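Subject: Structure handover and notes

Dear colleague,

Here is the structure I promised to pass on to you. My notes on what was found in it follow below the entry, grouped by topic so that you can check each one against the coordinates.

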Amino acid sequence: MGITAGHGPSRRTVALTVTAALTLGGFALGVTRGATGSTAAATTVPGTVVVEENAHGKVLTADASVRDKRALVDAVHEQRREKERQSGTPTPTPTPTATGGGGGHGDQTGFPVRDQWLDSAKTRKAAVPGGQGTLSAAGASYVKVPFMEYYAIFTDTSSDVSWLGERPFDADSIEHTDTWDVGSVGAPFWVVGAPQGATVKSTGSNAQASWTTTVKDNWYSEHAYDQVAFYPPNQDDYSNVFRISHSVTGTFQFGSSFYTVTTRARAYS
């Protein structure tokens, strides 16, 4: 079984790495309990299972054998912190659009930049049908902005949402959303390289990409994505970044009830 992922002019088919039923409409992932094994990178935390993977990102959930939820989440967060310590300041390469977006504006080598990691985490208590527990959302994304602030690139994005209650052990479904948001003045930004199926919008003052997946009958969802860029339409247009944010939202369904937790990190505001 394969899925087709499109990014720019190229398209490729990738195979699912676990036994899973994938509904492309809405990216609903029905995970077969006990599914194991993946071709994920070595940095995947033991106990997580890749349910969707392509050249640019992946979606993971928890293996059915995992019983210590907090230990798994703590391991994921520690891996994220270690990656930040090791990578320092990732340097993505701007990807020009077909009409030239992302190029020009002169050589800015040697000028100061406003690059930074955006990290955030939030928990909330929830009383759900049959029990109570904690909802958790956390994420990190490195944003690169040049000296003249005419584009923004989010790279090395990773996020996770989880239900840390014991009864019930799993949620009926978890809707997991990453949102990259850039406020600007001038020509509206173009969004380049958003995940397959993401919702993208751009106006004169705001551009946004929002990527949502849904995991069924599990307590955990994790995203990893390499790069989303916000560029002016072409090198002659004036666009200037003034606000940047990355947010992570988890919406958990238990029966007919829904519970949401959101965390957000901002720059320039």
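I begin with a ring that has two basic side chains placed over it: Arg67 lies over the face of Phe169, at 3.9 Å from the ring centre, and Lys69 also lies over the face of Phe169, in its case at 4.2 Å from the ring centre. Please keep in mind throughout that this is a predicted model, and that what I report below was computed from it.

Lys69 deserves a fuller description. This residue lies in helix H1, which covers residues 69-87, and because its relative accessibility is 2%, under the 20% limit, Lys69 counts as buried. When its neighbours within four places in sequence are left aside, Lys69 is in contact with Trp163, Leu164, Gly165, Glu166, Pro168, Phe169 and Trp219. One of these contacts, Trp163, is 94 residues away from Lys69 in sequence, while the two C-alpha atoms are 8.5 Å apart in space. Another of them, Pro168, lies in the loop between strand S9 (152-163) and strand S10, and the peptide bond that leads from Arg167 to Pro168 is cis, with omega near -5°.

Next come the backbone angles. Asp156, which lies in strand S9, has a phi near 55°, which is a positive value in a residue other than glycine. Asp217 is likewise a residue other than glycine with a positive phi, here near 50°; this residue lies in strand S13 (residues 206-218) and, with a relative accessible area of 42%, is partly exposed.

Turning to charged pairs, side chains of opposite charge can pair when their charged atoms come close. With a cut-off of 4 Å between a side-chain nitrogen of Lys or Arg and a carboxyl oxygen of Asp or Glu, the count comes to eight salt bridges. One of them joins Arg80 to Asp160, with the closest N and O atoms 2.9 Å apart. This pair links distant parts of the chain, since Arg80 belongs to helix H1 and Asp160 to strand S9, 80 residues apart. Both ends of the bridge are covered: Arg80 is buried, with a relative accessible area of 9%, and Asp160 counts as buried at 0% relative accessibility.

A further salt bridge brings together the side chains of Asp156 and Lys83, at 3.7 Å from N to O. Because Asp156 lies in strand S9 and Lys83 in helix H1, this pair ties together parts that are 73 residues apart in sequence. Lys83 is partly exposed, as its relative accessible area is 42%. In addition, Glu78, Arg81, Glu82 and Arg85 are joined into one network by salt bridges that share partners. Within that network, Glu78 forms a salt bridge with Arg85, the closest N and O atoms being 2.8 Å apart, and Glu78 counts as partly exposed at 35% relative accessibility.

The aromatic residues form a further topic. A pair of aromatic rings is described by the distance of the centres and the angle of the planes. With centres required to lie within 6.5 Å, the count comes to nine aromatic pairs. For Trp117 and Tyr142, the ring centres are 5.3 Å apart and the planes stand at 65°, which is over the 60 degrees needed, so this pair is edge-to-face. Since Trp117 lies in strand S7 (residues 116-128) and Tyr142 in strand S8 (residues 131-144), the pair ties together parts that are 25 residues apart in sequence. Trp117 and Tyr142 are both buried.

Phe254 and Tyr259 form another edge-to-face pair, with 6.0 Å from centre to centre and 65° between the planes. Phe254 is buried, with a relative accessible area of 4%, and Tyr259 is buried as well, at 15%. Elsewhere, Tyr150, Tyr151 and Tyr231 form one aromatic cluster.

Lastly, on the surface, Val185, Tyr238 and Phe242 make a nonpolar patch of about 290 Å². Of these residues, Val185 lies in strand S10 (residues 171-186) and, at 39% relative accessibility, counts as partly exposed.

With best regards

Notes: Residues numbered from 1 in each chain as written. Predicted model: local features only at pLDDT ≥ 70, side-chain atom pairs only at ≥ 80, totals over all residues. Heavy atoms only, no water. Patch = residues over 30% accessible without salt bridge, like charges linked within 9 Å, V, L, I, M, F, W, Y side chains within 5 Å. Areas by Shrake-Rupley, 256 points an atom, 1.4 Å probe, with all protein chains shown as cover. Helix = DSSP H or I, 4+ residues; strand = E, 2+ residues; numbered from the N terminus. Buried < 20%, exposed > 50% of the residue type's maximum accessible area, 1.4 Å probe, protein only. Phe/Tyr/Trp six-rings, centres within 6.5 Å; stacked < 30°, edge-to-face > 60°. Lys NZ or Arg CZ within 6 Å of the ring centre and 35° of its normal. Contact = heavy atoms within 4.5 Å.
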